[in-house]
Amino acid sequence: MNKYLVLFFATLCLVGKVLSCENGMNPYYSTPEQVPVPLTAVTGDELSYHQGYMQQVIDFAKEKGALFVASIVHKNGTQIVIDMNLGRQMKDLTQHAEIVVIQKANALYGISNFSDYTLYTTGESCLMCQGAILYSGFSKVVYGTSIKTLYCDKCMSQVPIDSTFLTAYGYGLGDGWNRPTIIGGVLSNITDNQVFKNYCNMTTSIFKVHPLCVDPNNSSSSLTFSFLTLLILITYLFI
């Protein structure tokens, strides 16, 4: 076979591998500059402020024996509502904690635009809840345990897509749409170990799944190996 043809197919395979790692979204949609959006790091007084409200949802979770608990706090520091996942009680699996508190705030106070509010939750919001958060216009979202920890480390049923990934595509909600600040891992040392269970060794729980997780370091190594293979091939063909 012509050596140029061999080189062409080898390069084509490598390009395909690189492109498959970049973005799995529909090619008709414009790719945001940052996917996923970066988490916002906070320290000092701001961190202490968020820890105080996160501790409240943690305490509520422990008191009720719940896992997912959420609250909504006004920018003046007033907590207007706090509640938990009510899916089982209401026999409606869409009643996640974030949905419950958004609906309750609307019913009690007629709030539909939450741009002056922060939502706190013990666990990172799923696709459904994060979508509701984006539509509701929250300025900030603060969570404890990440989806990665819940799914990969605790074998807990989740749609394995981070809230920061979905948020990157919120631009479709309007030209003047403001992206919420997402602060993750607040008091996760508590939520990881005292709120959420590890289901990996359980056999009967409805929450248990066998996670399909990969080591990103191995993926990077695989790509590096492909580049090295191509380099060796080029050297062999042309020297």
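## A walk from C152 to the core

Start by selecting C152, which sits in helix α6 (residues 147-153); helices here are DSSP runs of H or I with at least four residues, strands are runs of E with at least two, and both are numbered from the N terminus. Before going on, note that this is a predicted model, where local features need pLDDT of at least 70, side-chain atom pairs count only at pLDDT 80 or more, and totals for chains, interfaces and linings use all residues. Numbering runs from 1 along each chain as its sequence is written, and side-chain values use heavy atoms, with hydrogens and water left out.

**Around C152**

Colour C152 by accessibility and you get a relative accessible area of 26%, so C152 is partly exposed (buried is under 20% relative accessible area, exposed is over 50%, partly exposed lies in between, with a 1.4 Å probe and protein chains only). Show its contacts (heavy atoms within 4.5 Å): leaving aside neighbours within four places in sequence, C152 touches I147, P211 and C213. Now add H210, whose C-alpha atom is 8.6 Å from that of C152, although the two are 58 residues apart along the chain.

Staying in this area, select D153 and K148. Their side chains form a salt bridge at 3.2 Å, N to O (a side-chain nitrogen of Lys or Arg within 4 Å of a carboxyl oxygen of Asp or Glu). D153 is partly exposed at 37% relative accessibility, and K148 is partly exposed at 47%.

**Strand β4**

Next, select residues 140-145, which make up strand β4. Is this strand enclosed or open? Five of the six residues of β4 are buried, so the strand is largely enclosed by the rest of the structure.

Click T145, which belongs to β4. With a relative accessible area of 0%, T145 is buried. Beyond the residues up to four places away in sequence, T145 touches T122, G123, E124, L150, T191, D192 and F196.

Turn on the neighbouring strands (two strands pair if DSSP finds at least two bridges between them). β3 runs parallel to β4, with five bridges between them, and Y120 stands opposite V142 of β4. β4 is also joined to strand β5 (residues 181-183) by three bridges, again in the parallel sense; there, V141 has I182 of β5 as its bridge partner.

Add helix α5 to the view. Together, β3, α5 and β4 form a right-handed β-α-β unit (with the strands pointing away from you, the path from the first strand over the helix to the second runs clockwise).

At residue 140 of β4, K140 meets E46 of helix α2 (residues 44-64), a link between parts of the chain 94 residues apart. The two side chains form a salt bridge at 3.6 Å, N to O. Both ends are partly exposed: E46 at 36% relative accessibility, K140 at 25%.

**Into the core**

Now select M54, I72, F114, L119 and F138. Of the 45 residues in the largest nonpolar core, these touch the most other members (such a core is a set of buried Ala, Val, Leu, Ile, Met, Phe, Trp, Tyr and Cys residues joined through side-chain atoms within 4.5 Å). The elements α2, β1, β2, α4, β3, α5 (127-136), β4 and α8 (188-195) each supply at least two residues of this core.

Centre on F138. Apart from neighbours within four places in sequence, F138 is in contact with I72, I102, F114, Y117, T118, L119, I133 and P180. A second, separate core has five residues, including V37, Y143, A168 and Y169.

**Rings to look at**

Which ring arrangement do F114 and F138 show? Their centres are 4.7 Å apart and their planes at 15°, so the pair is stacked (rings of Phe, Tyr and Trp, using its six-membered ring, pair if their centres lie within 6.5 Å; planes under 30 degrees apart are stacked, over 60 edge-to-face, and the rest tilted). F114 sits in the loop between α4 and β3, F138 in the loop between α5 and β4, 24 residues apart.

Swap F138 for Y117: with F114, the centres are 5.7 Å apart and the planes at 65°, so this pair is edge-to-face. F114 is buried at 1% relative accessible area, and Y117 is buried at 12%. The structure holds eight aromatic pairs. For a last ring stop, select Y49, Y53 and Y120, a cluster linked by ring pairs.
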